[in-house]
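Welcome! Below are some short exercises to help you find your way around a protein, each with a worked solution. Keep the structure open beside you and try each task before reading on.

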Amino acid sequence: MDKFKVLTGKGYDWETFVYIFQDIEGCKFGITNNIERRQRQYEKNRPSLKLKYCKPFRDRNIARYIEYLMKVKFPIINGLETTSASALELISFIETIDHNLDVSYLVSLPTLDYIEIKETIVFDENERTESLKSYSIANKRLENTNAYMKWTKDDDEKLEQLFCEGKSIKELCEIFGRNNGAIKSRINKLELYQKNSRQQRF
């Protein structure tokens, strides 16, 4: 495999997501600075793929490096660019690397062999608790894609619209990729029961 190269220029200081999509064929991972656009691409070209996990990193080189490690550890097995590794394995790997990666050392190197990777990652048994916390969140995102992710203004507006249209809590959970408690909590925060009640009076 080619050496990893730290690149500079326009776009390399942008926030970039590492993502995992999954279908019956297996898991597909990669990086993008626009996860919504990537979802639309897969919906068009391979609609069976569903987003299972995505995590933002503060610049593209860090995301590229994690993707590089994943390509070495989890080789692609077929023409669909899919790996046989489970989503849990991939997520655990990403979270562990993220927690232990010495970024300052990474960006100081122009190129990096996979053999040298061990020098950029310091595994400390005393830090396992934090890794497990991160993994716990990642594990929840297997069931609810947007678990613990911040609600946006667009999300709130969409939630209000769908709630007023009569969508059930179960339907809203599926639409927003969040669990029952998160949906109910947001409905209460936005006071949608009260608003909907007032609208029905008129």
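**Exercise 1. A hairpin**

How many residues lie between strand 2 and strand 3 in the hairpin they form?

Solution. The model you are looking at is predicted. Step one: find strand 2 at residues 16–23 and strand 3 at residues 26–32. Step two: look at the link, where two residues sit between the strands of this hairpin. Step three: check the pairing. The two strands run antiparallel and are joined by seven bridges.

**Exercise 2. Partners across the strands**

Find which residues stand opposite F17, V18 and I20 in strand 3.

Solution. Start with F17, whose partner in strand 3 is T32. Next comes V18, which faces I31. Then take I20, and you will find F29 opposite. Now turn to the other neighbour of strand 2: V18 also has a partner in strand 4, namely K55. Strand 2 and strand 4 are antiparallel too, with seven bridges between them. As background, strands of a sheet pair through backbone hydrogen bonds, either parallel or antiparallel.

**Exercise 3. The whole sheet**

Work out the strand order of the open sheet and name its edge strands.

Solution. Put the two pairings together: the open sheet has three strands in the order 3-2-4, paired antiparallel. Strand 3 (26–32) and strand 4 (50–57) are the edges, as each of them pairs on one side only. From one strand to the next, the twist averages 15 degrees.

**Exercise 4. What covers the sheet?**

Decide how well strand 2 and strand 3 are covered, and name helices that lie across the sheet strands.

Solution. For strand 2, seven of the eight residues are buried, so this strand is largely enclosed by the rest of the structure. For strand 3, seven of its seven residues are buried, and the strand is mostly covered. Now look for helices. Helix 1 (residues 35–45) lies across strand 2, strand 3 and strand 4, at about 25 degrees to strand 2. Helix 3 (residues 87–100) lies across strand 2, strand 3 and strand 4 as well, and runs at about 5 degrees to strand 4.

**Exercise 5. A helix with a buried face**

Check the length of helix 6, then find how its buried residues are arranged.

Solution. First, the length. Helix 6 covers residues 153–164, and at 1.5 Å a residue its 12 residues should span 16 Å; the end C-alpha atoms are 17 Å apart, which agrees. Second, list the buried residues: D156, L159, L162 and F163. Seen down the helix axis, these buried residues fall within an arc of 135 degrees, so they line one face of helix 6. A general rule helps here: an α-helix has 3.6 residues a turn, so residues three or four places apart point the same way. Third, look at the other side of helix 6, where K153 and D154 are exposed. Finally, step just past the end of helix 6 to G166, which has a positive phi of about 95 degrees.

**Exercise 6. An unusual phi**

Where is E191, and what is the sign of its phi?

Solution. E191 belongs to the loop between helix 8 (180–189) and helix 9 (192–201). Its phi is near 55 degrees, a positive value in a residue other than glycine. Most residues other than glycine have a negative phi. As for accessibility, E191 counts as partly exposed because its relative value is 43%.

**Exercise 7. Two cysteines**

Are C54 and C164 buried or partly exposed, and how many disulfides does the structure hold?

Solution. Buried means under 20% relative accessible area. C54 has 4%, so it is buried. C164 has 30%, so it is partly exposed. The disulfide count is zero.

**Exercise 8. Stepping back**

How many helices and strands does the protein have, and what share of its residues is buried?

Solution. Count nine helices and five strands. Read from the N terminus, the elements follow the pattern β-β-β-α-β-α-α-α-β-α-α-α-α-α. Of the 202 residues, 40% are buried. Lastly, among contacts between residues at least 6 apart in sequence, 67% join residues at least 24 apart.

Definitions and conventions: Residues numbered from 1 in each chain as written. Predicted model: local features only at pLDDT ≥ 70, side-chain atom pairs only at ≥ 80, totals over all residues. Heavy atoms only, no water. Disulfide = S-S within 2.5 Å. Buried < 20%, exposed > 50% of the residue type's maximum accessible area, 1.4 Å probe, protein only. Helix = DSSP H or I, 4+ residues; strand = E, 2+ residues; numbered from the N terminus. Expected span 1.5 Å × (residues − 1). Arc of directions from axis to C-beta. Pairing = 2+ DSSP bridges. Axes fitted to C-alpha atoms, helices over the stretch in contact; angles between N-to-C directions. Contact = heavy atoms within 4.5 Å.
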